[in-house]
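Here are some notes for a colleague who is opening this structure without having seen it before. They take up the packing of one pair of helices and then turn to charged side chains.

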Amino acid sequence: MMNADAVMPAGLAWFIIGAFSLLWIWLGWWLGRKNDSLEDYMLAGRKVGMGFAVATAMATWVTSNTTMTAPQLAYQLGVWGMAGYSLGAVGLLLFAPLARRIRNMMPQGYTSGDFIRLRYGRTTWRVFLLISLFYSFGWLISLGMAGGLLINALAGIPYVYGMTVIVLICTLYTVFGGLRAVIGTDFVQTLLILVGIILLAVLVINEVGFEAIHSRLQEERPELLNLLLPASIMFLFNNLFFGVGEIFHSNVWWSRAFAFAPGVGFRAYLLAGLFWLPIPIVAGFIALAAPALGINVPSPDMVAPLVAGKLFGLTGAILVFVVVFAALASSLDSVLAATSDLIVKDIYKGHFRKAAGDAELRKAAVWIILGLGLFTWALSLPRLATLGSLLHFTGAFVASTIWPIAIGLLYRRGGGRLATLAMLAGTASGLYAYFAIGFYVAALVSAAVSMVIMLFAFACRTSFDWARLGENGEIKNGEIK
């Protein structure tokens with residue numbers, strides 16, 4: 001379907017897509033030349049330094065969901081919508097000390113599944129894998145959808161064409177370079193995102209102004225300025241737990257903890273969280289100008305590119321296009337690589353090919369990334385939901401893993417049965433809340449139920465022996481250092 005309100009010529013859009021696609025693919029190939037082993041391909045040799053570490057953590061978290069869903073939520077839920085989305089930074093900040101502990105505890109680890117299997121056993125490991133893979137697929141689909149929506153909103157190119165090209169390009173350069181390519185391109189993409197978002201916000205303030213935006217909102221949509229709006233307040237806390245759950249459980253962040261050089265993880269995640277914090281607020285603010293500009297918004301997740309295009313014409317459209325395209329690529333490649341690692345190590349090797357060597361796993365990783373790209377494309381075609389609702393549906397799953405992971409990393413108490421129950425009960429209750437109340441409480445309910453169950457861990461008599469992680473960690477005097 002063509003978009004009649006498009007402000008960018010389709011030919012120009014295809015030129016920008018082609019130029020960046022060639023850049024990303026070339027970088028992926030060039031960086032991938034240094035991959036001599038499975039560890040190089042999956043974890044960039046475990047030697048990622050501070051600059052690249054901060055850039056990849058920040059760029060991966062500045063997804064298309066940040067640049068397009070934050071404006072959507074501001075448009076739907078008002079001030080607390082964009083402020084609540086910014087609380088996603090808390091996940092990065094809280095993961096900082098855990099990343100240091102993970103790196104010291106399991107210096108030869110590959111995935112989040114490695115820890116769950118060793119800490120809680122195989123049953124909990126399999127439940128965790130189902131949750132993690134479901135979330136990863138949801139994230140991949142939301143990224144594919146965002147690419148098609150962006151190109152359709154700005155250039156009028158049919159959704160299917162835009163989505164197909166973006167998924168294809170990210171899949172190709174991830175296949176060529178593995179995590180090295182992902183981290184290398186993330187550095188360039190971070191610069192594009194930061195410059196573009198700041199420039200857009202400054203232009204909106206100068207062209208429209210705070211007073212005009214506030215006045216029109218008071219006249220037409222005063223509920224967006226209501227700080228006591230119940231749905232917005234619930235979303236605020238829901239998104240806090242959702243963001244923490246996303247990061248604590250996802251192999252995207254664990255793989256980076258394993259890939260960062262010793263001593264880098266804590267500072268990298270801390271700085272990335274602080275730098276990321278204001279971005280959803282800035283991006284969301286753009287959407288609040290829509291009523292003042294009299295824009296007809298056919299779908300809430302298209303509000304940001306429509307505002308930029310209406311206000312700044314071709315220049316604004318190009319700016320938004322570049323920012324969201326960079327954000328899409330920086331996240332899609334990361335999720336492809338991390339999900340592939342999880343499938344290769346925990347499913348392919350862990351369940352079917354236990355004797356597989358590194359050479360076989362390296363080949364399997366390539367085919368799995370290609371398969372994930374095809375899967376993402378197929379499920380992005382029908383546009384089953386808006387970006388916000390799709391993303392927060394997975395919140396019921398990931399929030400249930402927060403407490404089993406946090407307690408499992410920091411304390412000896414609590415076993416696999418308790419962790420399994422916490423994940424299953426948290427997910428079930430979160431899904432019930434999603435359908436019975438709304439998407440803005442799913443993660444909140446899931447995390448609360450999971451926490452109550454995991455509190456019984458401190459009453460358990462059994463105590464986990466850290467030495468069982470000795471094959472992946474350094475043990476000194478009975479304690480992991």
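At what angle do helix α6 and helix α12 pack, and how far apart are their axes?

1. In this predicted model, helix α6, which covers residues 89-105, packs with helix α12, which covers residues 251-259, at an angle of about 50°, and their axes lie 9 Å apart. The two helices α6 and α12 are therefore oblique to each other, and their crossing is right-handed.

2. The contact between these helices can be followed residue by residue: on the α6 side there are Leu-92, Phe-95, Ala-99, Ile-102 and Arg-103, and these meet Trp-253, Trp-254, Ala-257 and Phe-258 on the α12 side. Sorted by kind, the residues of this contact of α6 with α12 comprise eight nonpolar and one charged, with no polar residue among them.

3. Turning to charged side chains, it is helpful to recall that those of opposite charge can pair when their charged atoms come close. How many salt bridges does a search of the whole structure find? The search finds four, and the points below discuss some of them.

4. Arg-180 forms a salt bridge with Asp-40, and the closest N and O atoms of this pair are 3.3 Å apart. Because Arg-180 lies in helix α9 (residues 159-207) and Asp-40 in helix α2 (residues 38-43), the pair ties together parts that are 140 residues apart in sequence. As for their surroundings, Arg-180 is partly exposed, with a relative accessible area of 21%, whereas Asp-40 is buried, with a relative accessible area of 13%.

5. Another salt bridge joins Asp-114 and Arg-117, whose closest N and O atoms are 3.5 Å apart. Both residues belong to helix α7 (residues 112-120), where they are three residues apart and so are separated by about one helical turn. Is Asp-114 buried or exposed? Asp-114 counts as buried, since its relative accessibility is 9%, while its partner Arg-117 is partly exposed, with a relative accessible area of 26%.

6. The side chains of Glu-360 and Arg-353 also meet in a salt bridge, for which the N to O distance is 2.8 Å. Glu-360 is partly exposed, at a relative accessible area of 23%, and Arg-353 is likewise partly exposed, at a relative accessible area of 41%.

Conventions:
Residues are numbered from 1 along each chain as its sequence is written. This is a predicted model: local features need pLDDT of at least 70, side-chain atom pairs count only at pLDDT 80 or more; totals for chains, interfaces and linings use all residues. Side-chain values use heavy atoms; hydrogens and water are left out. Helices (H or I, at least four residues) and strands (E, at least two) are DSSP runs, numbered from the N terminus. Buried means under 20% relative accessible area, exposed over 50%, partly exposed in between (1.4 Å probe, protein chains only). Axes are lines fitted to C-alpha atoms, for helices over the stretch in contact, and angles run from 0 to 180 degrees between N-to-C directions. Angles under 35 degrees count as roughly parallel, over 145 as roughly antiparallel, 65 to 115 as roughly perpendicular and the rest as oblique. A crossing is left-handed if the near helix is turned anticlockwise from the far one by less than a right angle, and right-handed if clockwise. Contact means heavy atoms within 4.5 Å. Ala, Val, Leu, Ile, Met, Phe, Trp, Tyr, Cys and Pro count as nonpolar, Asp, Glu, Lys and Arg as charged, and the others, Gly among them, as polar.
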